[in-house]
Amino acid sequence: QESVKATITKEGIVGSRMSPCKRGSEKALEKGRWCNHKSALAVLRDLGAERFYAYTKITTVRNPFDRCVSAFHWTNKALLNLTESFDQVRSAFQGYMQTSLLKADVPTVFVEGKFIIDRAIRFEHLADDLEAVAKELDLPMADHKVPHTKSTAETRKDYPVEDYYDQTTIDLVRERFSWVFERFAYPDHPRFVKECI
């Protein structure tokens, strides 16, 4: 997994990926430091209200059920390499979901309770949505390579997403990611994950 520095051009800013600037750290709070998951309030502070509200604010979204499984595998790569039992994997996932470790990016997309995102790019339709946004904003897309900074395919081993869940974890995802379900019409049950692609 490669680190990708922030991109700052006349067209706009894309925060860094896989950098030492972690959410909530002192470095993430530094003025002008453009990090992934930086809060919208911090970006507003750094840009000033006039520029912040004039800019088109773009985020990515993903089916929350799939996203939680992916985040679990990313966080627990070493643990999962030690077991072949899916029952153990499922149990570990359900324990992970009971913690507050996995955030729903509310501070990234809301300022004082107001949703501030203008455009969203769906993970499941990344190329098409990128192209549509670029066309709408008259941005060049030729020869543009999107960096691939995270992968959990090896540890996921093609287990169906719905097999990770019980009713408690389904309810947790629905509650924690309610803003995603409300705005992007993702199905509210993990058995429909493949239909989003």
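Me: Over the ring of which residue does the charged end of Lys57 sit?
Reply: In this predicted model, the charged end of Lys57 lies 4.9 Å from the centre of an aromatic ring. A charge counts as sitting over a ring if NZ of Lys is within 6 Å of the ring centre and within 35 degrees of the ring normal. The ring beneath Lys57 is that of Phe52.

Me: How are the rings of Phe93 and Tyr164 arranged, stacked or edge-to-face?
Reply: The structure holds 13 aromatic pairs. In the pair of Phe93 and Tyr164, the ring centres are 5.4 Å apart and the planes meet at 75 degrees. Planes over 60 degrees apart count as edge-to-face, so the arrangement of Phe93 and Tyr164 is edge-to-face.

Me: How many residues apart along the chain are Phe93 and Tyr164?
Reply: Phe93 belongs to helix H6, whereas Tyr164 lies in the loop between helix H9 and H10. Both residues are buried. The pair links distant parts of the chain, with a separation of 71 residues.

Me: Which residue of the pair Phe115 and Trp179 is buried?
Reply: These two residues form a tilted pair, with 5.9 Å from centre to centre and 40 degrees between the planes. Phe115, in strand E5, has a relative accessible area of 21% and is therefore partly exposed. Buried means under 20%; at 5% relative accessibility, the buried residue is Trp179.

Me: Is Val173 buried or exposed?
Reply: Val173 is found in helix H10. Residues touching Val173 include Pro64, Phe65, Met97 and Phe181. Because its relative accessible area is 0%, Val173 is buried.

Key
Residues are numbered from 1 along each chain as its sequence is written. This is a predicted model: local features need pLDDT of at least 70, side-chain atom pairs count only at pLDDT 80 or more; totals for chains, interfaces and linings use all residues. Side-chain values use heavy atoms; hydrogens and water are left out. Helices (H or I, at least four residues) and strands (E, at least two) are DSSP runs, numbered from the N terminus. Buried means under 20% relative accessible area, exposed over 50%, partly exposed in between (1.4 Å probe, protein chains only). Contact means heavy atoms within 4.5 Å. Rings of Phe, Tyr and Trp (its six-membered ring) pair if their centres lie within 6.5 Å; planes under 30 degrees apart count as stacked, over 60 as edge-to-face and the rest as tilted. Lists of a residue's contacts leave out its neighbours within four places in sequence.
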